[in-house]
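Reader: Please show me the structure, and then let me ask about its helix packing, its spaces and its backbone.

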Amino acid sequence: MNLIYFIILSPLLGFLLLAFSQGRWSNNVTATIGVGSIGLAALTTAWILLVSGGYLSTIVFHQPLWTWISVANFRIVFALSLDQLSLTMLSIITGVGFLIHLYASWYMRGDEGYSRFFAYTNLFIASMALLVLADNLLLMFFGWEVVGLCSYLLIGFYYTDSKNGNAAMKSFIVTRIGDVLLALALFFLYYQLGTLNCQEMMVLASQNIADGSQVINYATLLLLGGAVGKSAQLPLQTWLADAMAGPTPVSALIHAATMVTAGVYLIIRTHGLFLLAPYVLNMVGFIGAVTLVIASCSALVQTDLKKILAYSTMSQIGYMFLALGVQAWDAAIFHLMTHAFFKALLFLCSGSIILACHHEQNIFNISGGGLRKSRPLIYLCFLVGCAALSALPVFTAGFYSKEEILFGALANGHSTLMLVGLFGEFLTSMYTFRMLFVLFHGKEPMKAYSFRNQNFNYYLPLIVLLILSTYIGAWLIQPLVNTLPASDLSDYYKYMLKIASSA
């Protein structure tokens, strides 16, 4: 347990080595350091999962490292905190992140800036791990800002094209709006409570601030503003589609395992404050519901493969916000996990398709049965990923997480949000299978495919994510009963049993 700092240190060391190498090392050495550092972080997380057993089910583990800031009464300790929630998030970040890095070592080979790519992504993972492990909001904010910097660098990775630079600048500026609101929230909370420690803050708030007061409403609205910016929800959602300018593994990393989930994590980590502000919590659910419908409608008319998946990410994060708004905390984390599996799978498959079709991204220009026949694994992976995104009953992981969200909305008296979620799922199925049928069942194009030699680094991530996108992935979730308030669905199940018995 004392090695939790290594989850941050390992990718950080990888970043430093690659940054100071200035691209002088061979691709094999670069890939070994870039992928290996994330692999070590993933192994450390897995080791903690194995040795902790039921340890984390009863207490939270703290690891203070040093005093970061000490000015008069203002004291911030650089300390890490591990509980069920942060361990679940770390498993997603390092596990899925490792698979994406492994795939990227194949996908990016031969591109200019191979070493620079892995330096950026290593720093990206290190900062995301710091965000999750921080025991106070100021340290979390530090990781939050470095994540934003890395996203700017990665989205504009192909900087010689001005369009990519503009997309990176747009994402940086729009997310900074949310970051300013989050910074204001930190000032406001410290002024009111005298601490930024996550646990102490929620205890003091429940003791000193009245439910529904203006103070708690202002604080949670500012926190919500930060979460909306980072997680691309209405009205700060416009940057996410343009983020597709980066390499496809970057899209998988940002959209599946790391950056866009940071806003969801922030709200869950400060859930004690939001419970004191029921109107703001209802606003969280409303924003999620509106965003998932708007994003789904936008995806219906897109022709760019990666932008369809980008709008899909907006929609699925909207489901997570809807779950937070109805206090289905476990369901939000459950869907965050399953979404990481099937969205990473879809992005990695789309990368293979784009490479095979000479970097063409218009689904009507790369459609054809030839791709389905020549690359059956890609077709199978894409089919399973689309089924999970559409929540195909019983077979897919996405079905179980979305079902829990909708059940939570109905059980907690939010039937309207439940109906909006169902309508959004109908739209999701429409744009998802439109994409699938056009890509793999349309008229075969005239231009020939160009397939790069595949190896272990290519096949392993796809196969693992394929398996995790099925119902097997739904087995991995652990209840967060000792970290988050339990979601009571007993009234809903009694209602369903009453209907079944009367039928």
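The turns below take up those topics one after another.

Reader: What kind of model is this, and how are residues numbered?

Author: This is a predicted model, in which local features need pLDDT of at least 70 and side-chain atom pairs count only at pLDDT 80 or more, while totals for chains, interfaces and linings use all residues. Side-chain values use heavy atoms, with hydrogens and water left out, and residues are numbered from 1 along each chain as its sequence is written.

Reader: Are helices α3 and α4 roughly parallel or roughly antiparallel?

Author: Helices (H or I, at least four residues) and strands (E, at least two) are DSSP runs, numbered from the N terminus. Axes are lines fitted to C-alpha atoms, for helices over the stretch in contact, and angles run from 0 to 180 degrees between N-to-C directions. Helix α3 (residues 84-107) packs against α4 at an angle of about 175°, with the axes 10 Å apart. Angles under 35 degrees count as roughly parallel, over 145 as roughly antiparallel, 65 to 115 as roughly perpendicular and the rest as oblique, so α3 and α4 are roughly antiparallel.

Reader: How many charged residues are in the contact of α3 with α4?

Author: Contact means heavy atoms within 4.5 Å, and those making it include Met89 and Ile93 of α3 and Phe117 and Ile125 of α4. Ala, Val, Leu, Ile, Met, Phe, Trp, Tyr, Cys and Pro count as nonpolar, Asp, Glu, Lys and Arg as charged, and the others, Gly among them, as polar. By that division the contact has 12 nonpolar and six polar residues, and the charged residues number no more than this: none.

Reader: Which residues of α10 meet α4?

Author: Helix α4 (residues 114-133) and helix α10 (residues 248-257) pack at about 5°, with axes 12 Å apart, and are therefore roughly parallel. From α4 come Phe117, Thr121, Phe124 and Ile125, and they meet Pro249, Val250, Leu253 and Ile254 of α10.

Reader: Is the crossing of α13 and α14 left-handed or right-handed?

Author: Helix α13 (residues 278-300) and α14 pack at an angle of about 160°, with axes 7 Å apart, and are therefore roughly antiparallel. A crossing is left-handed if the near helix is turned anticlockwise from the far one by less than a right angle, and right-handed if clockwise. The crossing of α13 and α14 is left-handed.

Reader: What is the volume of the second largest pocket?

Author: On a 1 Å grid over the protein atoms alone, a cavity is a set of points where a 1.4 Å probe fits but cannot get out, and a pocket is an open set with protein on both sides within 12 Å along at least five of seven lines; lining residues have an atom within 4 Å of a point. Grid points are joined across faces, edges and corners, and a volume is the space filled by probe spheres set on the points. For the second largest pocket this gives about 410 Å³.

Reader: Which of its 21 lining residues are the closest to the centre of the second largest pocket?

Author: The lining divides into eight nonpolar, five polar and eight charged residues. Helices α6 (162-193), α9 (239-242), α14 (305-325) and α15 (329-356) each supply at least two of them. The closest to the centre are Met244, Ala245, Gly246, Lys306 and Gln361.

Reader: Which residues are joined by a cis peptide bond?

Author: Most peptide bonds are trans. Here omega is about 10° at a cis bond whose proline is in the loop between α8 (214-230) and α9. The bond joins leucine 234 and proline 235.
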